[in-house]
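The following exercises are intended for a reader who meets this structure for the first time. Each task is followed by a solution that proceeds step by step.

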Amino acid sequence: MPLFGNTFSPKKTPPRKSASLSNLHLLDRSTREVELGLEYGIPTMNLAGQSLKFENGQWVAESGNFTGDRREMQRLRKRNQQLEEENNLLRLKVDILLDMLSETTAESHLMEKELEELKTHSHRRK
């Protein structure tokens with residue numbers, strides 16, 4: 001048993017075989033794109049009859065019937081703005097009602113406390 005030596009000696013691994021027997025890795029980039037289909041083009045999709053394409057990080061409608069779509073979009077934007085204004089008004093009303101409720105609750109607690117004090121004070125006199 002050696003003191004400073006290591007008795008473990010792993011076996012040498014055999015040399016690896018070629019990764020690929022195909023000669024496609026020898027082709028230049030443009031030929032590989034043609035052969036392997038790496039040129040995908042612009043992503044497109046169709047939603048509700050409207051064709052969209054992905055350009056510069058955003059989905060853009062392709063050429064087609066825009067007049068009806070623009071009018072509909074303007075109508076929806078106007079309706080959305082009206083609903084946002086109504087929502088803001090309702091939130092304001094809820095805030096006011098909560099303030100009124102907390103004020104009334106505080107007054108009620110004060111009156112109950114005063115009433116209890118009057119009752120205890122009147123019992124002491126009797």
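In these exercises, buried means under 20% relative accessible area, exposed means over 50%, and partly exposed lies in between (1.4 Å probe, protein chains only). The model is predicted, with local features requiring pLDDT of at least 70 and side-chain atom pairs counting only at pLDDT 80 or more, while totals for chains, interfaces and linings use all residues. Residues are numbered from 1 along each chain as its sequence is written, and side-chain values use heavy atoms, with hydrogens and water left out.

**Exercise 1. The chain as a whole**

Determine which elements the protein chain contains and in what order they run.

Solution. Begin with the definition: helices (H or I, at least four residues) and strands (E, at least two) are DSSP runs, numbered from the N terminus. Counting these runs gives two helices and three strands in the protein chain. Read from the N terminus, their order is α-β-β-β-α.

Next, consider burial. The protein chain has 126 residues, of which 2% count as buried. Its accessible surface, computed by the Shrake-Rupley method with a 1.4 Å probe (for residues, only the protein chains shown count as cover), amounts to about 12,800 Å², and carbon and sulfur atoms account for 56% of that surface.

Finally, examine contacts, meaning heavy atoms within 4.5 Å. Among contacts between residues at least 6 apart in sequence, 0% join residues at least 24 apart.

**Exercise 2. The salt bridges**

State how many salt bridges a search of the whole structure finds, and describe them.

Solution. A salt bridge is a side-chain nitrogen of Lys or Arg within 4 Å of a carboxyl oxygen of Asp or Glu. The search of the whole structure yields two.

One of them joins the side chains of Glu55 and Lys53, at 3.1 Å from N to O. Lys53 is partly exposed because its relative accessible area is 24%. Glu55 is likewise partly exposed, at 29%.

A salt bridge also joins the side chains of Glu72 and Arg75, at 2.8 Å from N to O. Both residues belong to helix α2, where they are three residues apart, about one turn of the helix. With a relative accessibility of 36%, Glu72 counts as partly exposed; Arg75, at 46%, is partly exposed too.

**Exercise 3. Surroundings of the strands**

Which residues do Glu55 and Thr44 touch, leaving aside residues up to four places away in sequence?

Solution. Take Glu55, which lies in strand β2 (residues 50-55). With that exclusion, Glu55 touches Ile42 and Val60. Its C-alpha is 8.3 Å from that of Pro43, and the two residues are twelve apart in sequence.

Then take Thr44, located in strand β1. Under the same exclusion, Thr44 touches Leu52, Lys53, Trp59 and Glu62. Thr44 and Val60, 16 residues apart in sequence, have a C-alpha to C-alpha distance of 9.4 Å.

**Exercise 4. A positive phi**

Locate Asn56 and establish whether it is buried or exposed.

Solution. Asn56 sits in the loop between β2 and β3 (58-61). Asn56 counts as exposed because its relative accessibility is 82%. Its phi is near 55°, a positive value in a residue other than glycine. Most residues other than glycine have a negative phi.

**Exercise 5. Surface patches**

Identify which residues form the nonpolar patch and which form the negative patch.

Solution. Patches are made of residues with over 30% relative accessible area and no salt bridge; like charges are joined within 9 Å, and nonpolar side chains (Val, Leu, Ile, Met, Phe, Trp, Tyr) within 5 Å.

The nonpolar patch consists of Ile42, Met45, Leu47, Phe54 and Trp59, with about 460 Å² of accessible area together. Of these, Leu47 is in strand β1 (residues 44-47) and, at 46% relative accessibility, counts as partly exposed.

For the negative patch, Asp and Glu count as negative and Lys and Arg as positive, whereas His and the chain ends are not counted. The place of a charge is taken as NZ of Lys, CZ of Arg, CG of Asp or CD of Glu. The residues of this patch are Asp95, Asp99, Glu103 and Glu107. Asp95 lies in helix α2 (residues 67-125) and is partly exposed, since its relative accessibility is 45%.
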